Amino acid sequence: MTDLGHWDIVVVGGGLVGTATALGMARDGARVLVLDSSDTSFRASRGNFGLVWAQSKGAGNRDYATWTRTAVREWRALEAEIRELSGVETHYETGLGLHLCLGEDEFAKRAEMIGRVAAHQLPGDDVRMIRRDELLEIMPDVGPGVVGASMSTLDGACQSLALYRGLSIAVQKAGARLVSNVQVSAIEPQGDGYRIEAEALRATAPKVLIAAGLATNKLAAPFGIPEIVRGQKGQILVTERARPILPAVTSGIRQTAEGTILIGDTKEETDEDRSTGQGMRQLAARAVRLLPEIGTLRVVRSWAALRVLTPDGNPVYDESPSHPGIFVATTHSGVTLAPAHRGPLAQWIMNGQRPPEFASFGAQRFARTN
């Protein structure tokens with residue numbers, strides 16, 4: 001077995017959550033080892049829509065709403081840091097985000113949720129509902145069935161694969177070591193810390209962050225962490241390149257810097273991560289109703305991925321109740337929350353600076369009671 005040596009922390013999981021947090025710790029001077037699994041793993045980090053989205057986060061949890069908006073406001077700084085370290089451009093755009101509503105039932109349901117978000121009265125938050133007449137001033141080509149939308153100037157999007165690549169390069173430039181295509185098989189107490197084994201590799205550290213997506217439950221269970229994640233499939237369509245037809249970022253349709261249009265995304269309760277004809281038809285039909293011009297474009301590819309969801313949809317950031325130094329972090333908002341993982345989450349793990357929002361994000365809220 002190859003000994004990788006002793007580190008300040010070992011991060012299990014090289015997705016968006018793991019690499020963003022590792023970047024923060026490495027930039028603060030910690031010796032960080034990131035162990036990443038194989039390319040055949042279920043990777044939400046490679047299958048997401050790329051939204052940097054605040055308007056719908058935290059309707060039932062003020063801490064989540066606050067945490068999300070803190071992250072969104074730091075996105076420009078993260079973008080600049082990634083560019084500085086890796087040379088990768090994430091194509092972050094912001095200024096106006098819209099969620100289009102088909103029919104009055106959708107509008108009413110969205111308005112109820114947005115009302116709960118707006119009730120938090122967070123500084124600088126301008127989320128609100130608009131009716132069709134106001135929407136047409138922004139997007140004159142929406143379909144006749146679109147009755148209105150929710151909107152916020154905080155929202156935007158990035159090229160998610162560029163973000164993933166940029167973080168992977170940046171974390172190494174910051175001094176961390178990233179070892180890919182290895183599966184962690186054991187995390188065991190050893191002396192004042194832990195021994196981590198991944199196939200033919202071994203490392204030790206006083207702290208371990210488990211940010212392994214859908215593998216988190218199995219890895220964290222021996223340390224008193226209840227089941228905190230489940231998978232939910234989402235499918236996305238990609239069209240051929242088109243002229244600019246979207247003047248704002250919308251939650252279900254967005255145009256990339258290259259001109260292609262992403263159409264997403266389904267919410268399917270299955271652990272099968274392959275595209276299906278039914279899902280693609282569902283996405284295409286809705287997209288054409290939202291923006292009829294999309295019906296003239298060819299679909300060139302599609303993909304599916306499994307979201308990493310917690311039972312209540314809010315993040316989990318916690319330390320083991322029985323094994324100090326074992327941490328877990330998971331969220332389905334790995335793109336949006338990347339700056340918060342780079343900053344406050346990393347600082348809490350390494351320096352004990354616990355953000356006040358974390359009172360709502362403990363894993364034990366999901367512990368079964370008799």
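A disulfide is a pair of cysteine sulfur atoms within 2.5 Å. These legends go with a predicted model, where local features need pLDDT of at least 70, side-chain atom pairs count only at pLDDT 80 or more, and totals for chains, interfaces and linings use all residues. Residues are numbered from 1 along each chain as its sequence is written, and side-chain values use heavy atoms, with hydrogens and water left out.

**View 1. Two cysteines, C101 and C158.** Search the whole structure for disulfides and you get zero. C101 is buried, because its relative accessibility is 1% (buried means under 20% relative accessible area, exposed over 50%, partly exposed in between, with a 1.4 Å probe and protein chains only). C158 counts as buried too, at a relative accessible area of 1%.

**View 2. A cluster of aromatic rings.** Here Y64, W67, Y317, F327, W348, F358 and F361 come together as one aromatic cluster. Eleven aromatic pairs turn up in the structure; rings of Phe, Tyr and Trp (its six-membered ring) pair if their centres lie within 6.5 Å, and planes under 30 degrees apart count as stacked, over 60 as edge-to-face and the rest as tilted.

**View 3. Arginines over ring faces.** Look for R31 over the face of W7, 4.6 Å from the ring centre. R254 sits over the face of F49, at 5.8 Å from the ring centre. To qualify, NZ of Lys or CZ of Arg must be within 6 Å of the ring centre and within 35 degrees of the ring normal.

**View 4. An open sheet of four strands with a helix across it.** The strand order is β17-β18-β15-β19, with antiparallel pairing. At the edges are β17 (253-255) and β19 (299-309), each pairing on one side only. From one strand to the next, the twist averages 25°. Strands (E, at least two residues) and helices (H or I, at least four) are DSSP runs numbered from the N terminus, and two strands pair if DSSP finds at least two bridges between them. Three bridges link β17 to β18 (residues 261-264), and I253 has I263 in β18 as its bridge partner. Helix α8 (residues 277-290) lies across β15 (230-239), β17, β18 and β19, at about 55° to β15. Axes are lines fitted to C-alpha atoms, for helices over the stretch in contact, with angles from 0 to 180 degrees between N-to-C directions; contact means heavy atoms within 4.5 Å.

**View 5. Parallel neighbours of β14.** Strand β2 (residues 9-12) runs parallel to β14 (residues 207-210), joined by four bridges, and I9 stands opposite K207 in β14. β14 also pairs in the parallel sense with β21 (residues 326-330), over three bridges; there, I210 has V328 in β21 as its bridge partner.
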